[in-house]
Amino acid sequence: MIEITGLCSGYRRRQVLHGIDLSVPDGSVLTILGPNGCGKSTLLKSMLGFVPLSAGEVSLNGLSVAHASPRQIAQTAAYLPQQRSAGDLLVGQLVLHGRFPYLHYPRTYRTEDREIARQAMEEMGIAALADTPLRELSGGMRQKAHIAMALAQQTPIIVMDEPTTFLDVGQQVKFGRMVQKLAQGGKTVVLVLHDVLAALTISNKIAVISEGQLLCCKTPSQILSSQVLEHLYGVKISAVETASGTCYYYQAQEEMK
């Protein structure tokens with residue numbers, strides 16, 4: 001569970017976030033939406049102690065981020081940043097990095113670490129690429145390798161910033177199902193997405209941020225009823241019930257008149 005109370009943070013003298021209050025229960029998916037530059041990525045970094053708080057508190061499964069070591073945080077929450085580089089690593093080597101928070105001197109990977117990494121690659125469908133250099137992969141396949149690294153970390157909380165970048169439509173659908181499966185297994189998942197329809201489809205709750213402030217945090221149906229996305233993005237979103245569940249779509253301009 002994640003508890004955020006009165007969070008204020010920023011960079012040097014520029015405060016980006018102002019009094020954020022959020023609660024994310026175990027076994028749920030929270031997606032953060034908002035326009036570019038509103039503070040979404042800063043919120044993720046502040047939650048994990050990468051950006052110091054000027055006010056407020058963050059608790060990750062009862063662990064106070066302000067008083068925790070980087071190792072303790074890394075054993076509690078896996079983080080997949082928006083910008084990442086793996087140099088000349090092989091896929092298997094990258095995924096093994098997810099086990100680093102559990103290693104002790106002399107930092108030697110154990111048999112169990114290698115097995116956990118293998119299972120993570122299997123889950124992402126990239127086990128056959130374990131000995132392939134990352135530089136030889138497409139953007140989508142590299143993205144899957146980074147997600148496998150986060151899964152190998154085996155934390156109760158997973159935080160991902162724009163994880164569907166470079167994934168094609170089919171891979172995005174599979175990613176959404178994977179996220180929901182993780183939550184059903186008890187994981188707490190926090191995402192930053194630009195894909196509003198995907199956020200509505202896979203999330204238990206959606207937090208909407210604008211200019212560093214939390215406008216609301218509601219269920220997808222409540223978000224639609226509030227019309228906050230229409231005001232924020234200038235587009236109207238509607239929902240239709242189908243045999244496979246609720247489907248969301250952008251309403252055509254002529255339908256809005």
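**View 1. Antiparallel sheet of four strands in the predicted model.** The open sheet shown here contains 4 strands in the order 2-1-4-5, and their pairing is antiparallel. Strand 2 (14–24) and strand 5 (63–64) form the edges, each pairing on one side only. The model is a predicted one.

**View 2. Pairing of strand 1 with strand 4.** Strand 1 (residues 2–11) runs antiparallel to strand 4 (residues 53–60), and 6 bridges connect the two. Two of the residue pairs may be located in this view: E3 lies opposite S59 of strand 4, and C8 lies opposite A55 of strand 4.

**View 3. Hairpin of strand 4 and strand 5.** These two strands are joined by 2 bridges in the antiparallel sense. S59, which faces E3 in the preceding view, is also opposite S64 of strand 5. The hairpin has 2 residues between its strands, and N61 adopts a positive phi near 50°.

**View 4. Helix 1 on the sheet of four strands.** Helix 1 lies across strand 1, strand 2 and strand 4. The direction of helix 1 is at about 115° to that of strand 1.

**View 5. Mixed sheet of six strands.** A further open sheet comprises 6 strands in the order 6-7-8-3-9-10, with mixed pairing. Its edges are strand 6 (77–80) and strand 10 (213–218), each of which pairs on one side only. From one strand to the next, the twist averages 15°.

**View 6. Helix 1 on the sheet of six strands.** Helix 1 (residues 40–47) also packs on this sheet, where it touches strand 3 (29–33), strand 6, strand 7 (157–161), strand 8 (188–192) and strand 9. The helix direction makes about 150° with that of strand 7. Helix 1 thus appears in two views, lying across strand 1, strand 2 and strand 4 in the sheet of four strands and packing on the sheet of six strands here.

**View 7. Helix 6 across three strands.** Helix 6 (residues 169–184) lies across strand 3, strand 7 and strand 8. Relative to strand 8, helix 6 runs at about 145°. Strand 3, strand 7 and strand 8 are also among the strands touched by helix 1.

**View 8. Pairing of strand 9 with the edge strand 10.** Strand 9 (residues 205–210) and strand 10 run antiparallel and are joined by 5 bridges. Within this pairing, A207 has C217 of strand 10 as its bridge partner. Strand 10 is an edge strand and pairs on one side only.

Definitions and conventions. Residues are numbered from 1 along each chain as its sequence is written. This is a predicted model: local features need pLDDT of at least 70, side-chain atom pairs count only at pLDDT 80 or more; totals for chains, interfaces and linings use all residues. Side-chain values use heavy atoms; hydrogens and water are left out. Two strands pair if DSSP finds at least two bridges between them. Axes are lines fitted to C-alpha atoms, for helices over the stretch in contact, and angles run from 0 to 180 degrees between N-to-C directions. Contact means heavy atoms within 4.5 Å.
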